[in-house]
Amino acid sequence: HMPLTMRSTVVLIPNFDAEDWPEYFNKYKPNFITAIPNYIAPMLNNPRMRNVNLECLKVIAVGGEGTGNALEVDMNRFLKRHGSKAKLLKGYGMTELSASACTGFGDVNALGSVGVPLPRNQLQIVNPDTGMECKYNEIGEICFRGPGMMLGYMDNPEEMTSLFRKHKDGTYWLHTGDLGYMNRRGLLYIVGRIKRAILTQYKGTAYRIYPNVIEEVLISHPAVREACVVKLHEDRRGRTKAYIALNDHNRVDEEEIERELRSFCDAEMAEYMRPFLYEFRGSLPLTPAGKVDYKLLEIQTAGQR
């Protein structure tokens, strides 16, 4: 609605094809683009984008799923190389908050961050086990309150009770189910979903690991296009499996790249976080919204040990 109130021309692509980015730019000369990361990433490897001038592009914003630091860095380099002064903007929101509640803008656009709360929105990070407010840089559940919160779910009071909770100061907050942390500048960083957190045991000690963090490391490897980490079904030790889609699946020796990735993870993360198994695929399954379908991969992992 905002572009319409500003008398902007809005172009909707009902049958979007990421391979057609050159045509979209040449035909529409867009100043602003909003999309999900999986829609913009193909620009980087599209040979037909090589000579496309992006000087027209002032803002390119993504949301709906995590962007990944590697994609953000590569995208910003790509934009500069093609004549645009824009830098990738990230935001955070959900339907229950009437869309966006947090966004980056201008200089408030740090690598990996989704920015700061929009005016009149309050943000709090709480320990999901104790309900106590977390310290700066401490991971906890992301909670919001503000005028954009929905009134409720129709005929579903149980879901309402789990979503809206009264805190010790008497205020009601929307518990998003997402994990993240806030730094001293007030910038929000997303770590993952509470439901995706995995309890693992290593050398007699229990740890909570977050698949998104491991996936971020894997995607930072130049050979990896997509990664999804899930728990091995019924594995009491909480070991994980990494599903990997490579940039050039047909030209890579899987055994060799697995050894390389294991060595890469040895250097980049603690031992208890490292994937136990790897499986390489030409592509990973996506949801209708274009996100990697980790739930389907969890189902497909059932029975594997």
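How much accessible surface does the chain have, and what share of it belongs to carbon and sulfur atoms? The answer is about 18000 Å², with 50% belonging to carbon and sulfur. Keep in mind as you look around that this is a predicted model.

**The chain as a whole**

Let's start with the overall picture. The chain contains eight helices and 15 strands. Its radius of gyration is 21 Å, close to the 19 Å that the globule rule gives for 305 residues, so the chain is as compact as a globular protein of that length. If you lay the C-alpha trace along its principal axes, it spans about 60 × 55 × 40 Å.

What about the inside? Of the 305 residues, 39% count as buried. Now take the contacts in the chain with a separation of 6 or more: residues 24 or more positions apart account for 57% of them.

**A sheet of five strands**

Next, find the open sheet whose five strands come in the order E1-E2-E3-E4-E5, with mixed pairing. Why do E1 (32-35) and E5 (116-117) each have one side without a neighbour in the sheet? Both stand at the edges with a single partner strand, so one side of each is left free of a neighbour. As a bit of background, strands of a sheet pair through backbone hydrogen bonds, either parallel or antiparallel. E1 and E2 (residues 59-62) go for the parallel sense, over four bridges. To spot this pairing on screen, look for Ala35, which stands opposite Val62 in E2.

**Leu57, just ahead of E2**

Leu57 is in the loop between helix H3 (37-40) and E2. Is Leu57 buried or exposed? At 2% relative accessibility, it counts as buried. Leaving aside neighbours within four places in sequence, Leu57 is in contact with Phe25, Pro30, Asn31, Phe32, Ile33, Leu79, Ser84, Lys85 and Ala86. Pick out Leu79 from that list: it is 22 residues from Leu57 along the chain, and their C-alpha atoms are separated by 8.7 Å.

**A strand covered on both faces**

Now move along to E14 (residues 240-246). Seven of the seven residues in E14 are buried, so this strand is largely enclosed by the rest of the structure. In a regular strand the side chains alternate between the two faces of the sheet. On one side of E14 you'll find Thr240, Ala242, Ile244 and Leu246, on the other Lys241, Tyr243 and Ala245, and all of these are buried.

Which strands does E14 join up with? Strand E13 (residues 224-231) runs antiparallel to E14, joined by seven bridges, while E15 (residues 277-281) runs parallel to E14, joined by five. Lys241 makes a handy landmark for both pairings: it stands opposite Val230, and also opposite Leu277 in E15.

**Rings and charges**

Time for some aromatics. The count comes to nine aromatic pairs. For one of them, Phe16 and Trp21, the ring centres are 5.5 Å apart and the planes are at 70 degrees, so the pair is edge-to-face. Phe16 is partly exposed, with a relative accessible area of 25%, whereas Trp21 is buried at 7%. These two belong to one aromatic cluster together with Tyr24, Phe25 and Tyr39. Phe25 should ring a bell, as it is among the contacts of Leu57.

Elsewhere, charged side chains sit over rings. The charged end of Arg145 is over the ring of Trp173, 5.7 Å from its centre. Arg196 lies over the face of Tyr294, at 4.4 Å from the ring centre.

**Two loop residues with a positive phi**

Finally, a look at the backbone. Most residues other than glycine have a negative phi, and most peptide bonds are trans. Here are two residues that have a positive phi although neither is a glycine:

| Residue | Phi | Loop between | Relative accessibility |
|---|---|---|---|
| Arg7 | about 60 degrees | helix H1 (2-5) and helix H2 (21-28) | 81%, exposed |
| Asn137 | about 65 degrees | strand E6 (122-126) and strand E7 (140-145) | 47%, partly exposed |

Why does Arg7 count as exposed while Asn137 counts as partly exposed? Exposed means over 50% relative accessible area, so Arg7 qualifies at 81%, and Asn137, at 47%, counts as partly exposed.

Definitions and conventions. Residues are numbered from 1 along each chain as its sequence is written. This is a predicted model: local features need pLDDT of at least 70, side-chain atom pairs count only at pLDDT 80 or more; totals for chains, interfaces and linings use all residues. Side-chain values use heavy atoms; hydrogens and water are left out. Two strands pair if DSSP finds at least two bridges between them. Helices (H or I, at least four residues) and strands (E, at least two) are DSSP runs, numbered from the N terminus. Rings of Phe, Tyr and Trp (its six-membered ring) pair if their centres lie within 6.5 Å; planes under 30 degrees apart count as stacked, over 60 as edge-to-face and the rest as tilted. Buried means under 20% relative accessible area, exposed over 50%, partly exposed in between (1.4 Å probe, protein chains only). A charge sits over a ring if NZ of Lys or CZ of Arg is within 6 Å of the ring centre and within 35 degrees of the ring normal. The radius of gyration is taken over C-alpha atoms; the globule rule is 2.2 Å times the number of residues to the power 0.38. Contact means heavy atoms within 4.5 Å. Accessible areas come from the Shrake-Rupley method with a 1.4 Å probe; for residues, only the protein chains shown count as cover.
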